[in-house]
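Open the model in your viewer and set it to a cartoon view. Follow the stops below in order.

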Amino acid sequence: MDQLSALTVGLHTIEEVIAKYGNPDEEPPSGSRNSYTRSDGSTYHETYRSLRYHNLSETADVHVNVSGDGRVSFGFTGKYIGPPRKQS
């Protein structure tokens, strides 16, 4: 995980991410959505612009969520790296 986290050091805005890694491999039109619970128990949702990079790591995809003010947060999704799967 340290190697993946190292990919994000010093990146705080979408402009910095694109300057370092170029255009994303994927940018889902629906973005990503997180749900949160307030202290009173009610729920609210936030939708973010989402960029996905598939080729920055051999073992994980890098997900970049962009807030409304342009700040970024990162997530990682593991890739299957075992033997080729048989087609049925």
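What radius of gyration does the protein chain have, and what would a compact globule of 88 residues have? The protein chain has 16 Å, while a compact globule of that many residues would be near 12 Å. Keep in mind that this is a predicted model.

**Stop 1: the whole chain.** Stay zoomed out. The C-alpha trace spans about 50 × 35 × 30 Å along its principal axes. Colour by secondary structure. You should find two helices and four strands. Starting at the N terminus, their order is α-α-β-β-β-β. Now switch on the surface. The accessible surface of the protein chain is about 6300 Å², and carbon and sulfur atoms account for 48% of that. Of the 88 residues, 27% count as buried.

**Stop 2: strand β3.** Select residues 60–66, which make up β3. Is this strand enclosed or open? Seven of its seven residues are buried, so β3 is largely enclosed by the rest of the structure. Turn the strand to see both faces. One side carries Ala-60, Val-62, Val-64 and Val-66. The other carries Asp-61, His-63 and Asn-65. Both faces are covered.

**Stop 3: β2, on β3.** Add residues 43–53, strand β2. β2 and β3 run antiparallel and are joined by five bridges. Look for Leu-51, which stands opposite Val-64. Then trace the connection: a hairpin of six residues leads from β2 to β3.

**Stop 4: β4, on β3.** Select residues 72–78, strand β4. How many bridges pair β3 with β4? There are seven, again in an antiparallel arrangement. Pick Ala-60 and find its bridge partner, Gly-78 in β4. The hairpin here has five residues between the strands. In its turn, click Gly-70, which has a positive phi of about 90°.

**Stop 5: Glu-26.** Go back towards the N terminus. Glu-26 is in the loop between α2 (14–21) and β1 (32–37). Is Glu-26 buried, partly exposed or exposed? Glu-26 is partly exposed, because its relative accessible area is 31%, which falls between the 20% and 50% limits. Show its contacts. Beyond neighbours within four places in sequence, Glu-26 touches Ser-50, Leu-51, Arg-52 and His-54. Draw a distance from Glu-26 to Ser-50: their C-alpha atoms are 8.5 Å apart, with their positions 24 residues apart along the chain.

**Stop 6: rings.** Show the side chains of Tyr-80 and Arg-85. Arg-85 lies over the face of the Tyr-80 ring, 4.0 Å from the ring centre. To finish, look for aromatic pairs: a search of the whole structure finds two.

How values were computed
Residues are numbered from 1 along each chain as its sequence is written. This is a predicted model: local features need pLDDT of at least 70, side-chain atom pairs count only at pLDDT 80 or more; totals for chains, interfaces and linings use all residues. Side-chain values use heavy atoms; hydrogens and water are left out. Rings of Phe, Tyr and Trp (its six-membered ring) pair if their centres lie within 6.5 Å; planes under 30 degrees apart count as stacked, over 60 as edge-to-face and the rest as tilted. A charge sits over a ring if NZ of Lys or CZ of Arg is within 6 Å of the ring centre and within 35 degrees of the ring normal. Buried means under 20% relative accessible area, exposed over 50%, partly exposed in between (1.4 Å probe, protein chains only). Contact means heavy atoms within 4.5 Å. The radius of gyration is taken over C-alpha atoms; the globule rule is 2.2 Å times the number of residues to the power 0.38. Accessible areas come from the Shrake-Rupley method with a 1.4 Å probe; for residues, only the protein chains shown count as cover. Two strands pair if DSSP finds at least two bridges between them.
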